[in-house]
Amino acid sequence: MLIDRNAVTKSTLKGKLLQLISFSVLILLVLASFLTISFNSIRDTTQDVTETKLNQVIANSQTAYDLSRIFSEIDLLSRIFLNRRPDLQQQANQIRQRLFKVETSVNDTRLAQILKTLRGQFDHFVWGFVDVNRLATEVEIADTHIHEQLQQLERLISDMLIRTTAEQQPTHYIDQMLSLATSYRESMLRIRALHFEHKGHFIEGHQQIEVSGNKIVHHLDELLLMLQTITASEPRINNVGLEIERLVWQYRDASLSLDFALAELNNRMLDLQESKQLSLELVNSLQAENAQQTELLASRISHLISSSASYVIAAVFATILVLTLFTAHIIRKHINTPMSQLISGIDGIADGKQTNIQLQREDEWGSIADALNKMKDELKSYYSQIQRSEEKYRLLVENQSDLVIEMDMAGQFQFVSQTFCQTFGKSKDQLIGQHFTTITQPQDKHKIQMHFRELHHDPYQDNFEQQVVTDQGERWLSWHNRAVLSAAGSPQSIIAIGRDVTARKQAEDALERQRRFLRTVIDSVTDPILVLGRDNEILMSNSAADNQYGVHSGIGLPGLASESTPTVVSGDQPYPTLLSEVLELGAPTQALYVHKTDQGQRHHELVASPFEDTHGEIGGIVQVSRDITEKIRSEEKIRFLAHHDALTHLPNRILLRDRFNQAIQYAERAGQKVGVLFLDLDHFKDINDTLGHHIGDLLLKSVVERISASIRKSDTVSRQGGDEFVILIPQIGSSNDPEQVARQILSSMNQALEIEGHQLRTSFSIGISIYPDDGKDFDTLLKNADTAMYAAKKSGRNAYHFYADHLNDHAVERLQINNRLQQALSRDELILYYQPQIDIQSGRLVGLEALVRWQTEDIGLIPPSQFIPYAEESGLIVEIGECALNQACQQINQWHHESGQELVVCVNLSALQLRREGLPKTVAQAIFNNQLRPGQLELELTESMLLTNTKHALSQVKQLKTLGVKLSLDDFGTGYSSLSYLKQIQPNRLKIDRSFVKDLTQDRDDEAIVNAIIQMAHSLNLTVVAEGVETQEQLQWLKQRACDQVQGFYFYKPMPAEAISELLKLEKLSA
Amino acid sequence: MNFKHSLCYLPYLCLALLLATPSWASERFKVVVVMSYEENNPWCQEIKQGIDSVLADTSDIEYIYMDTKVNFAGGQAKADQAFERIKQTQPDGIITADDNVQKMLVVPYLKNQTQTPVMFCGVNANPSAYGYPADNVSGILERGHIRESIAFLKQLKESIAKVCFLAKDSPSGLALKRQVKAEESSYLAKNNGFYLTQSTDQIKQQADTLNAKCDAIYIDSLEGIMDSAGNPLNHLQVFAALEAAYKGPIIGANKYHVDQGALSAVVKTGQEQGEEAAKLLLKAMQGAPVSELPITRNFRGRRIINITTMERQNINPRPIVLRSASLVSMQK
């Protein structure tokens, strides 16, 4: 039903409300006009007060406050400006700006004029204090410099004093200089004190400052006068004095200027003070006037406000009353009555009554009643259609093979299909109202709830699979769920359709197990394996491949090259594959490549085979990569070690031989010669024995560096083992003559080698053989160079020697003797003879010297001079020495048991024995094993033994002394005869060498020497033994010179132990 | 000498090492010192002290005095004798003190005529006047601390504004005059006259002038001027005559001036002259070429005050002035 809205406007609810609003507006307009008039009156009055009088009061107060603050800051500034704080200038600027601001803000012209004057005075004050601070700084800088120069002066004088005193020269002058410098310092300290006192006075009360030649200047003048005399000094002091004088003048000028500046500043501050006082007085008088006017205005405003308030309250009450009455009338007639009629009609429709709502009005209420009647008729028609549709869908759901359920949003079943009931073996009644989780296994509950939550928002649908327990056992169900939305778009319920997918799940499980097995197998292979498709995509890779290439199956292929395999790849290049080769060949293939990385280069071997796809075509390749770096390195190392020495990395004998063969082939063609140098490091064995093999090895490496620096690149240095090296000179020429090379090497060894803090000196013995003169094959030349080297060693070491034929004979002899000596030791062919030592006064036997002899079956007795040198050369001397020591100790013990006598037996030590570690232990063992008293054994040393590695040798000797064995110094006078050794060794006996005794009574020089040795020994409380006494004359001469003991053929030759036993018996009988 | 023969000295060597006496240290130099003046001249005595303090341990020193203060005319004969003695003794080095000996001995006989190093001291004249330095001659010049002495006097008596100078009319006096002329602008008191004198009579004649013009007098090299009878006087005698004529403070150049009555001085010392000359000579004798030993001068000025004179002049200086000075009382 259409309603003519224009026709009903005046009689409608809207019209009534418009009338009410119009009336209210009118009333409010009247009220507002009245209020406006009242408030305008108040405003005018207030404005008059605030804009004129009150503003003046406030402005004057503000001015007074600002000025007070500024003046107190000025006062503060005047007190602290001498502190020279960096921010003072900034503070002054701020004060000035504020002063200017106040000056421009005041209305009173008299005050403005005074403030302008004050601002000018303040500017003068600030300039004044800047000036004062600058001058004070100058004074203090000069002061600091003067004190520095005084310090310099004192230092110079002190140095002179120390030097002169050390030279034992008189120091009067320097003492006086020191006093003078002290006077200067005292004066300066006094001046400094006065300066600070002066400043302090100013800060405390600047009005007292006056310009004068103050005390400071007076003291400065005195100091300047004193400084005039320091120029009578040495130039250095004079210069310092002149500098001090210059600085004092500088100080004086600055100090005077400072005085003037302070006085000026004081005047400015007084002016400033006066202006401050004036301005404050004027501000105070202005404030008093303003206060009086303000009181009058306050009274007027108060009266106006109280009268206006009464009128406003009356008008408001009248308005409220009229509006209330009019509003009550409209509500009753146009709202309450029609609304109760309409509600009654709606209740009838809800109860199913088909009667229309009867409301006879032409306003909005009538239109609503018509619309409700029409809606009632349409609802009836829709309900019939819905009942038919519901029946149709129910039949469809019930006959579905899938499971269909409907749940509320909490998951409770509202509907279940027949199939669902059959699957779970329950009736609908049993299931309706149950929660979905009742058919869910406990472990899936959380997951299912998560899926349901997904249905609360867009897209309001979700799928999941779950394993459930049904009447047929465990089954897999696949659910498709969808939320049913309300008209407002919010989810109301859930429709879920489930399907049994148990068969598919079982098939998938079987496939996964197989896949895992294959993955385990392929991952267990340590070499990277890649399965690549035709398009170079990675179809599969094992863990090793993932690690190496950083890629995974199915992921893109940025790191793999699809083109032909490169032989070398660097870090940022793609890894090579054999895909293109295999696709081209259609058969397996392999390749090698080198991968360069920051950590070095790695060698890889690639093997690739094709595989077929489902169509029988090549689907791609299976590629296996293997890192063969270590294998290659091992092979290279083996190859290197086969031809080089492991310690020095020099060519070994095999490589040397090869190069030698090449060299002689060339030499034959060119008619040239080839040189072979055999080098042996002197005393290397000693270094090894005393400092250990580690130092020995380092020494060898250092030695190799020096050798290498002495030869050409075309020459070959080879280590033959131990301390032996061979140099091959392929083409002998003028620049590389073997002799020259040998000299260079010997020269290069002049400098000590520093090995881990040890300063080691060593040298070479070098033997040289020349192809073809000294041999035509490698072995012969090497042997001959070796022989020549021995000749060099024998000539005193640190030498070179060319091979000559006769050397070979000597080498053969040396070798034979060494071999036989070895045998002699094992066969006990080395025996001891003993030569008695006689007390020169009593003629009695006091000791025996043990002397080693070699008793051979074929030759007979060999004297020591014929085999000891070889034994020393080969090192066998150590074993021979130990053998002699043990034999002697056994013999002492035997004699002691036979004769009861405690004889002292001397055993000679060799230099090598002394250098080797463990000699004291060997001696102690021999004494202990034979139950000797240590004093029965005397060890004979020679001085030359102590010359090499003195520290170690002396240490060994001291340990022997500690054991209690006696020591004698043999051959005294033939060597270095160092008294310092005598002091350190502290031997019991000194033995005069037989060479001096031999010509006694004939050679005056020998007499002098022997005489001197006896006297010196006695002065050191040593017993003297003369060796080699063979004549009565010699004996008499020695007796006259008070020699203590003698030994020689005059009494006894060296004898076997048995003969000594007989002798001892005779001695005992004659005692 | 065979090996065995060489060994026969071994025990002696050993014993010598035990005694460890440095035999090379016993070598001593022969040095001749020729002084221009007489042996009892205080300046000569100071120089001798300086030389002895340096050379006594290492050298045998022979001193020869030419007495030219008291007998200038006989100076050349003395110089000839000294040269004869030098030829006789063949010294390793020679020291010559003051100007007269340079003129009479070094220049005619020694300069560039021998290898023997000659070191001079106490020379007031410009060294070029004697042709120094020469191949074998170097040494130390003598320069008075005039400026400092005047400044020192002002410390004692601030009112001093005009100073006069008095010296014997001699090469030394003339050298002093040249020095004053060259440096007077730096003095703290005005140079109000330089007087060269031959006798005490002249001093007496100038007494009124001196008293009127001079707030103080600086003296040097006055020994040897004549008395009324024509006898040369020593410094003590000259000073007595001066003190009788002039009433104001007298300041000196040498220590003995103050010892003998001058109020104060920043003195040059004969010890410094002698020490420096001796040090230079020692270096030369030890092998340093003379050409590498440049001519030097005295530097060390000692502040000395005669307190007897100070009291007599009624001067009361501040203690700080006294503390940095040596104080002497009048010689008896």
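Contact here means heavy atoms within 4.5 Å, and that is the sense in which a helix can be said to lie across a set of strands. Keep in mind as you go that this is a predicted model.

Let's start in chain A with helix α19, residues 738-748, which lies across β12, β14, β17 (764-771) and β18 of that chain. Its direction makes about 165° with that of β17(A). A second helix, α20 (residues 778-794) of chain A, lies across β12, β13, β14, β17 and β18, this time running at about 145° to β17(A).

What are these helices lying on? The strands belong to an open, five-stranded sheet in chain A, ordered β13-β14-β12-β17-β18 and mixed in its pairing. At its edges are β13 (716-721) and β18 (799-802) of chain A, each of which pairs on one side only. From one strand to the next, the twist averages 20°. For a closer look at one pairing, take β12 (residues 674-681) and β14 (residues 724-729) of chain A: they run antiparallel and are joined by six bridges. If you want a spot to click on, A:Phe678 has A:Val726 in β14(A) as its bridge partner.

The backbone around this sheet has a couple of oddities. For background, most residues other than glycine have a negative phi, and most peptide bonds are trans. A:His683 has a positive phi, near 60°, and sits in the loop between β12 and α17 (684-691) of chain A. Then there is the peptide bond joining A:Tyr771 and A:Pro772, which is cis with omega at about 5°. A:Pro772 lies in the loop that runs between β17 and α20 of chain A.

Now over to chain B, where an open sheet of six strands has parallel pairing and the order β2-β1-β3-β4-β5-β11. Why do β2 (59-65) and β11 (296-297) of chain B each have a side without a neighbour in the sheet? They stand at the edges with a single partner strand each, so one side is left free of a neighbouring strand. Within the sheet, β4 (residues 118-123) and β5 (residues 137-141) of chain B pair in the parallel sense over four bridges, and B:Phe120 has B:Gly139 as its bridge partner in β5(B). Packed on the sheet is helix α3 (residues 42-55) of chain B, which touches β1 (29-35), β2, β3 (93-97) and β4. The direction of α3(B) makes about 165° with that of β2(B).

Chain B has a cis peptide bond too, between B:Tyr132 and B:Pro133, with omega at about -5°. You'll find B:Pro133 in the loop between β4 and β5 of chain B.

So how do the two chains meet? Between them, 33 residues of chain B are in contact with 39 residues of chain A. Together the chains bury about 3,200 Å², with 57% of that on carbon and sulfur atoms. On the polar side of the ledger, there are 13 residue pairs in polar contact between chain B and chain A, counting pairs with both residues at pLDDT 80 or more. Several elements of chain B give two or more residues to the side touching chain A: α1 (3-7), α2 (10-19), α6 (146-156), α12 (270-285), β12 (302-306) and α14 (319-323). The largest share, six residues, comes from α6(B). Sorted by class, that side of chain B has 15 nonpolar, seven polar and eleven charged residues.

Next, the charges. Side chains of opposite charge can pair when their charged atoms come close. Three salt bridges are counted between chain B and chain A. One between these chains is formed by the side chains of B:Arg300 and A:Glu234, at 3.2 Å from N to O.

Over all chains, the structure holds 55 salt bridges. Inside chain A, A:Arg499 forms a salt bridge with A:Asp402, and their closest N and O atoms are 2.8 Å apart. This pair links distant parts of the chain, 97 residues apart: A:Arg499 is in strand β5 (residues 491-500) of chain A, while A:Asp402 is in the loop between α8 (364-398) and β1 (403-408).

Methods: Residues numbered from 1 in each chain as written. Chains lettered and ligands numbered in written order. Predicted model: local features only at pLDDT ≥ 70, side-chain atom pairs only at ≥ 80, totals over all residues. Heavy atoms only, no water. Pairing = 2+ DSSP bridges. Axes fitted to C-alpha atoms, helices over the stretch in contact; angles between N-to-C directions. Buried area = accessible area lost by both parts, 1.4 Å probe. Salt bridge = Lys/Arg side-chain N within 4 Å of Asp/Glu carboxyl O. Polar contact = N/O pair within 3.5 Å; in protein donor to acceptor, adjacent residues only side chain to side chain. Nonpolar A, V, L, I, M, F, W, Y, C, P; charged D, E, K, R; others polar.
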